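Got the viewer open? Load the model and follow along, one selection at a time.

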Amino acid sequence: MAKQQSFADKATKAAAMKGSKCPVCGTIYQPLLLVSSERSKVGASVKFNERRVQVCKCNEKQIYV
Ligand SMILES: [Zn+2]
């Protein structure tokens with residue numbers, strides 16, 4: 001008799017390997033570096049803001065506009 005590994009067990013292991021999972025939608029977070037430029041009011045200098053975000057199905061629509 002062959003012992004079958006359950007799908008849930010495999011999924012759990014995959015999630016543990018790849019990173020944290022969103023408890024709301026169940027998607028594995030994708031780390032993303034968002035860079036936005038900001039023009040300062042004085043002069044012509046441009047400031048860059050770097051922001052690290054974790055993307056899952058809950059917020060991907062807000063990020064990939
Ligand atoms: Zn989510």
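Start by colouring the protein chain by pLDDT, the predictor's confidence in each residue, from 0 to 100. The mean for the chain is 82, and 83% of its residues reach 70 or more. This is a predicted model, so local features need pLDDT of at least 70 and side-chain atom pairs count only at pLDDT 80 or more, while totals for chains, interfaces and linings use all residues. For your selections, residues are numbered from 1 along each chain as its sequence is written.

Now switch to cartoon. You should find two helices and two strands, in the order α-β-β-α along the sequence. Here helices (H or I, at least four residues) and strands (E, at least two) are DSSP runs, numbered from the N terminus. Select residues 7-18: that's helix α1, with the lowest mean pLDDT among the elements, 64. Then pick residues 46-55, strand β2, which has the highest, 91.

Next, add residues 30-39, strand β1. β1 and β2 pair in the antiparallel sense over 10 bridges; strands count as paired if DSSP finds at least two bridges between them. Want to walk the ladder? Show P31, which stands opposite Q54 in β2, then L33, whose bridge partner in β2 is R52. As you go, keep in mind that in a regular strand the side chains alternate between the two faces of the sheet.

Between the strands of this hairpin sit six residues, and G43 takes a positive phi near 75°.

How many of the 10 residues of β1 are buried? The number is zero, so β1 lies largely in the open. A residue is buried if 20 or more other C-beta atoms lie within 10 Å of its own, exposed if 12 or fewer, and partly exposed in between, with C-beta atoms placed from the backbone. β2 also has zero buried among its 10 residues, so this strand lies largely in the open too. Across the 65 residues of the chain, the buried share is 0%.

Zoom in on V46 in strand β2. V46 counts as exposed because it has 9 C-beta neighbours inside 10 Å. Contacts here are pairs of residues whose C-beta atoms, placed from the backbone, lie within 7 Å. Setting aside neighbours within four places in sequence, V46 touches S37, E38 and R39.

Last stop: C22, in the loop between α1 and β1. C22 is partly exposed, with 15 other C-beta atoms within 10 Å. Beyond neighbours within four places in sequence, its contacts are T27, Y29, C56 and C58. Draw a C-alpha to C-alpha distance from C22 to C56: 6.8 Å in space, with the two residues 34 apart in sequence.

Methods: Contact = placed C-beta atoms within 7 Å.
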